[in-house]
Amino acid sequence: MKPEPKQILSVSRRTDIPAFYMPWFMDQLRGGIIEVVNPFNRHVRRVEVSPERVHTMVFWSKNFAPFLDGGYGEQLQAMGYHLFFNFTVNSQLPILEPGVPRLSTRLDQLRELCRRFGQAAVQWRFDPICHYRMADGGVQNNLTDFKTIAAVAGQCGIDLCITSFMDHYRKIARRVEDGFTFVEPSATQKTAIVQDMQQILTPLNIDLALCCEQNVLDTLPLGSRIRSAACISGPRIMAVHGGRVSTRRDPGQRRASGCGCSVSVDIGSYHLHPCYHNCLFCYASPSRDRR
């Protein structure tokens, strides 16, 4: 008789816990229970987080320095947890991501994550692709450092890049100042962009996957290597760490848009854990929105 699948903890889509909230997270783990508040109906769920119940923790971040410097990964492994990482590394553009470290620093972190925990447990996210117009010029984008980042990821042995195009939420429009405008590329432009990205990645043995971009996937030619993404993939986690987790698709994610994520429990709170990266395009709750 097969053992029951263990849970995957997503730490977190809602904020950057590795950068800002690891002491809080470790305190919750020691208590054995984390209370998770549904952001829509405010329902509180009590999640058991012992190693007997949790198979893998998937950490999402734009700055793993506090996580690495604090030795948290090694502590968690000693406690019996498996680890997996979604590291978002975008081009160095302070107007879009004012709170993230320098690109060279983030690339050093990428190397260190792979060295300590293995490249198979690390996924690179270049997310989102943004197009914008300044008052004194034409349309620009944030793909300027993509080749540089891809080269380092390839040297590290990372085999997957996950990307998507920016979603134009109304809350984002309220953040921008006069003279700056986000621009939505056409469907034809989006198709050409991801094909160009794949051409850069192919010689590096890196595949490209699109997160919640079914409309773009539908425009790609037959035989394209670009596929739908699963930022949290039960099959991939089991391939890396063994054991058993659910491969059921997560009903709480945007499946109709192409999200392929396996079911997980998202830790953290939009309300209680504001993110201090203050990315201009963020869909969550950057600290700038609290002012």
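Two strands count as paired here if DSSP finds at least two bridges between them, a criterion worth keeping in mind while touring this predicted model.

Begin by selecting strand β7, residues 131-134, together with β10: the two run antiparallel and are joined by 4 bridges. Within this pairing, pick M134, whose bridge partner in β10 is F180. Now add β8 to the selection, and an open sheet of 3 strands appears in the order β8-β7-β10, with antiparallel pairing. Because β8 (139-141) and β10 (180-183) stand at the edges and have a single partner strand each, one side of each is left without a neighbour in the sheet. From one strand to the next, the twist averages 35°.

Next, move to helix α4, residues 72-79, where Y72, G73 and L76 are buried. Looking down the axis of α4, you will find these buried residues within an arc of 100°, so they line one face of the helix. Display what covers them, which includes α2 (22-31), β4 (54-61), α3 (65-69), β5 (82-88) and α5 (103-117). Just after α4 comes G80, which has a positive phi, near 110°.

Stay with L76 and show its surroundings: leaving aside residues up to four places away in sequence, L76 touches M22, M26, L29, M57, F59, F67, Y81 and L83. Then widen the view to the largest nonpolar core, which has 58 residues and in which L76 is listed with F25, M57, F59, F67 and W124 as having the most contacts inside it. Finally, select C211, C212, V245 and C261, which are included in a second, separate core of 17 residues.

Methods
Residues are numbered from 1 along each chain as its sequence is written. This is a predicted model: local features need pLDDT of at least 70, side-chain atom pairs count only at pLDDT 80 or more; totals for chains, interfaces and linings use all residues. Side-chain values use heavy atoms; hydrogens and water are left out. A nonpolar core is a set of buried Ala, Val, Leu, Ile, Met, Phe, Trp, Tyr and Cys residues joined through side-chain atoms within 4.5 Å. Buried means under 20% relative accessible area, exposed over 50%, partly exposed in between (1.4 Å probe, protein chains only). Contact means heavy atoms within 4.5 Å. The arc is that of the directions from the helix axis to the C-beta atoms. Axes are lines fitted to C-alpha atoms, for helices over the stretch in contact, and angles run from 0 to 180 degrees between N-to-C directions.
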